[in-house]
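Colleague: I would like a close look at a single part of this model rather than a tour of the whole. Please choose one sheet, follow its pairing and the helices that cover it, and set it in the context of the chain.

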Amino acid sequence: MTPFRGKLRIRHLEIVLTVAELGNLSKAAAQLHSTQSALSRAIAEIEELVGARLFERTAKGTTCTALGVAMCRHARQLLTGLRKAEPDLAAVSRGDEGSLTVGCFSMFASWPMAEAARAFRVACPRITLSIEIGTHERLIEDLDAGAIDVLISRFSSAVNPQIYRSINLLNDPIVLACAADHPLAGAPEATLADCVAYPWIAALPGSRIRGELELSLRQAGLPIPDMIGVLSLEFGREMLLEGQYLWMLPGSVAAVRQARGELVVLPARPALRKSPLAAIWRRDRPSTRQARAFAAQLELAIAADGIALAA
């Protein structure tokens, strides 16, 4: 490979990522506000700079070579770093002390995330705070790319402890909840057999939890209930209003919502492995003072609501 320091530009990185993601030169050209011929010339220029082919052109579209895959990985990290630098530098120029971007798994976006964010703003008013809500898988990618500083999510066996380090915040089970007027709400002896007669709001198909759930039900000789796979607190809350749905929730989140009178936690619960909620960092990027301060506020929010921390 030829040295390209000082020759590769930000626009080159944007071109490589756009073509790789869309897999189609015509679509990539439209998104980049260019023409297909101009884009082809730009790709040829980039490939000349790096000294090898980045894409294979076929009748079905454009795919990355091994070198193209590697370049996309670095391009994503570099562009993410530049985008993240903008709010950080803007904060410092205003006299603030920098910025913090926190990723949060969607099921914890209301509690305890909102309480921790409010407390963090009081404790650290000169830090520009941004919150990204999403699935664990997408947020791990953002953490890897440097788009977020710390991830608040489940630390499962799929998270490699050699790459990531963490602070455990709590360790709770998955439970089933329903509306206060649901037929099972007043049945203290309700079993899983009773629960599968109703539709569920559950984990996404293909996820670890969904796979464990379906396996455990089959092993118990129970049918798989009608399920909608979704990770949205707002959607789940709206579905409970209909009156028939049961909702799979982290036990801590369900306990807080039950205390607020929003739902009823059922005694029957699926046999699923616990995985702790944790503040997660990459080992190759030391945690910042701001990130540790946010994790501390999360611990306080959890403790304040009487949820037992993981041992």
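Modeller: The chain averages a pLDDT of 87 and 93% of its residues score at least 70, where pLDDT is the predictor's confidence in each residue, on a range from 0 to 100. This is a predicted model, in which local features need pLDDT of at least 70 and side-chain atom pairs count only at pLDDT 80 or more, while totals for chains, interfaces and linings use all residues. Residues are numbered from 1 along each chain as its sequence is written, and side-chain values use heavy atoms, with hydrogens and water left out. Confidence is lowest in helix α4 (residues 66–93), where the mean is 75, and highest in strand β8, at 97.

As for the setting, the secondary structure amounts to eleven helices and twelve strands; helices (H or I, at least four residues) and strands (E, at least two) are DSSP runs, numbered from the N terminus. The C-alpha trace spans about 70 × 50 × 35 Å along its principal axes. Of the 311 residues, 46% count as buried, a term that means under 20% relative accessible area, with exposed meaning over 50% and partly exposed in between (1.4 Å probe, protein chains only). If contact is taken as heavy atoms within 4.5 Å, then among contacts between residues at least 6 apart in sequence, 74% join residues at least 24 apart.

The part I have chosen is an open sheet of five strands, ordered β9-β8-β10-β7-β11 and mixed in its pairing; two strands are said to pair if DSSP finds at least two bridges between them. At its edges lie β9 (227–229) and β11 (264–265), each of which pairs on one side only. Strands of a sheet pair through backbone hydrogen bonds, either parallel or antiparallel. On one side, β7 (residues 174–178) is antiparallel to β10 (residues 246–250), the two being joined over four bridges. Within that pair, Ile 174 has Pro 250 as its bridge partner in β10, and Leu 176 stands opposite Met 248. Strand β7 also runs antiparallel to β11, to which two bridges join it, and here Ala 177 stands opposite Val 265.

Strand β7 deserves a further word, because five of its five residues are buried, so that the strand is largely enclosed by the rest of the structure. In a regular strand the side chains alternate between the two faces of the sheet. In β7, accordingly placed, Ile 174, Leu 176 and Cys 178 point one way and Val 175 and Ala 177 the other, and all of them are buried.

Two helices should be described together with this pairing of β7 and β10, which is antiparallel. Helix α9 (residues 233–241) packs on the sheet and touches β7, β8 (200–202), β9 and β10, its direction making about 145° with that of β10. Helix α10 (residues 251–259) also packs on the sheet, touching β7, β10 and β11, and its direction makes about 115° with that of β10. For these angles, axes are lines fitted to C-alpha atoms, for helices over the stretch in contact, and the values run from 0 to 180 degrees between N-to-C directions.

Helix α10 has as its buried residues Gly 251, Ser 252, Val 253, Ala 254, Val 256 and Arg 257. Their cover includes β6 (164–170), β7, α9, β10 and β11, and beyond the helix comes Gly 261, whose phi is positive, near 80°. Elsewhere in the chain, helix α6 (residues 136–145) has His 136, Leu 139, Ile 140, Asp 142, Leu 143 and Ala 145 buried, and just after α6, Gly 146 takes a positive phi of about 85°.

For contrast of location, the UniProt record, an unreviewed entry, places the feature "domain: HTH lysR-type" at residues 8–65; such positions are given in the numbering used here, feature names are shortened, and annotations may be inferred rather than shown by experiment. That span is 60% helix and 14% strand, and its end C-alpha atoms lie 19 Å apart.
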